[in-house]
Amino acid sequence: MTPLEGLAVAGAGLVAGAMNTAVGSGTLVTFPVLLAVGYPPVLANVSNGIGLLPGSITGAFGYRRELAGQRTRVVRLAATTAVGAIAGAVLLLVLPSDAFEAIVPVLVLLAVLLVLVQPWIARRLAERRDRPEHGGPWLLTGIFLTGTYGGYFGASQGVIALALMGITLQEDLQRLNATKNVLTATAYLVSGVVFVLVAEVAWLAVVLLAAGATIGGPLGARYGRRLPPALLRGLIVLVGLVAVVQLAID
């Protein structure tokens, strides 16, 4: 990796750390950059999840005020996410790499679609007043599957989790966003432990991503709501589509 490529990876980590905290989908920035500097898809995915973990932790800390009073909910959903993330990480490691390379373009396109429809989902959720207090088994099932997805790949796992909680819980969306940050951090942490123990990791990429994401996480918590949503969403979609093209070419 050249110094310029290293700077690009660290910069992508910073942007992704801020994006994950504010809206999610930071992987749609970092994953294509790792591919562009020469990492194969599975190695890029494994290293990406570990590298973005510090940003998710600092982002969750930045939202600590919104987490007040949610301990029981956060613990229950984080435990469910952890179990799902283990399953996702195991799937990534036991399935052939060809399977991952085949399905990732579909997952990226799904993530791009979720980013596009997220404003509509948010508006619809804000209009609902009949959501249950605890979410019930449907929420736990959805969070488990989201954790599995996060352990396997992870792009837009935060968008999915936020949508699920918004549909099933009667709660302010900013407080749910704070919970989403904890769940994303949990998925990265648990799958990261699995990967460190049994998979190959590109540690230089991890360090560079972590350095950027650690700074980006608090920035996302502080300034994320002030960014022009259309501009940020357009950037995410553009990067996602570039990633799909690059994967198709490779």
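**Exercise 1. Find how much surface the protein chain exposes, and which atoms supply most of it.**

Solution. Start with the area: the protein chain exposes about 11300 Å². Next, look at the atoms behind that figure: carbon and sulfur supply 72% of it. Keep in mind as you work that this is a predicted model.

**Exercise 2. Describe the secondary structure of the protein chain and say what share of its residues is buried.**

Solution. Step one is to count elements: there are 11 helices and 0 strands. Step two is to read along the sequence, which gives the pattern α-α-α-α-α-α-α-α-α-α-α. Step three is burial: of the 250 residues, 55% count as buried. Finally, turn to contacts between residues at least 6 apart in sequence: 84% of these join residues at least 24 apart.

**Exercise 3. Decide where in the protein chain confidence is highest and where it is lowest.**

Solution. Begin with the whole chain: its mean pLDDT is 84, and 84% of the residues reach 70 or more. Then compare helices: α5 has the highest confidence, with a mean of 94, while α11 (residues 229–249) has the lowest, with a mean of 68. Here is a useful habit: where pLDDT is low, the predicted coordinates should not be read in detail.

**Exercise 4. Work out which elements build the nonpolar surface patch.**

Solution. First list the members: I86, V90, L91, L93, V94, L95, L189, V193, L197 and V198 make a patch of about 870 Å². Now match them to elements: those giving two or more residues are α5 (71–94) and α9 (173–198). Of the contributors, α5 gives the most, with 5 residues. Take V90 as a sample member, found in helix α5. V90 counts as partly exposed because its relative accessibility is 38%, which lies between the 20% and 50% cut-offs.

**Exercise 5. Classify N177 as buried or exposed, and list what it touches.**

Solution. Locate the residue first: N177 is in helix α9. Then check its relative accessible area, which is 4%. Buried means under 20%, so N177 is buried. Last, name its contacts: leaving out residues up to four places away in sequence, N177 touches T21, A22, Y63 and L162.

**Exercise 6. Explain why helix α2 is described as largely enclosed.**

Solution. Count the buried residues: 8 of the 10 in α2 (residues 27–36) are buried, so the helix is largely enclosed by the rest of the structure. Then name them: T27, L28, V29, T30, F31, P32, L34 and L35. After the helix comes G38, with a positive phi near 115 degrees.

**Exercise 7. Compare the reach of helix α7 with its expected span.**

Solution. The helix covers residues 136–152, which is 17 residues. From first C-alpha to last it reaches 25 Å, close to the 24 Å expected at 1.5 Å a residue. Among the buried residues of α7 are L139, I143 and Y152. This helix is followed by G154, whose phi is positive, near 110 degrees.

**Exercise 8. Trace the surroundings of M1.**

Solution. Place it first: M1 sits in the segment before α1 (3–22). At 40% relative accessibility, M1 counts as partly exposed. Now look across the sequence: M1 and G38 are 37 residues apart along the chain, yet their C-alpha atoms are separated by 8.3 Å. To finish, list the contacts, not counting residues up to four places away: M1 touches G6, V9, V37, Y39, L204 and L208.

Conventions:
Residues are numbered from 1 along each chain as its sequence is written. This is a predicted model: local features need pLDDT of at least 70, side-chain atom pairs count only at pLDDT 80 or more; totals for chains, interfaces and linings use all residues. Side-chain values use heavy atoms; hydrogens and water are left out. Patches are made of residues with over 30% relative accessible area and no salt bridge: like charges are joined within 9 Å, nonpolar side chains (Val, Leu, Ile, Met, Phe, Trp, Tyr) within 5 Å. Accessible areas come from the Shrake-Rupley method with a 1.4 Å probe; for residues, only the protein chains shown count as cover. A salt bridge is a side-chain nitrogen of Lys or Arg within 4 Å of a carboxyl oxygen of Asp or Glu. Helices (H or I, at least four residues) and strands (E, at least two) are DSSP runs, numbered from the N terminus. Buried means under 20% relative accessible area, exposed over 50%, partly exposed in between (1.4 Å probe, protein chains only). pLDDT is the predictor's confidence in each residue, from 0 to 100. Contact means heavy atoms within 4.5 Å. The expected span of a helix is 1.5 Å times one less than its number of residues.
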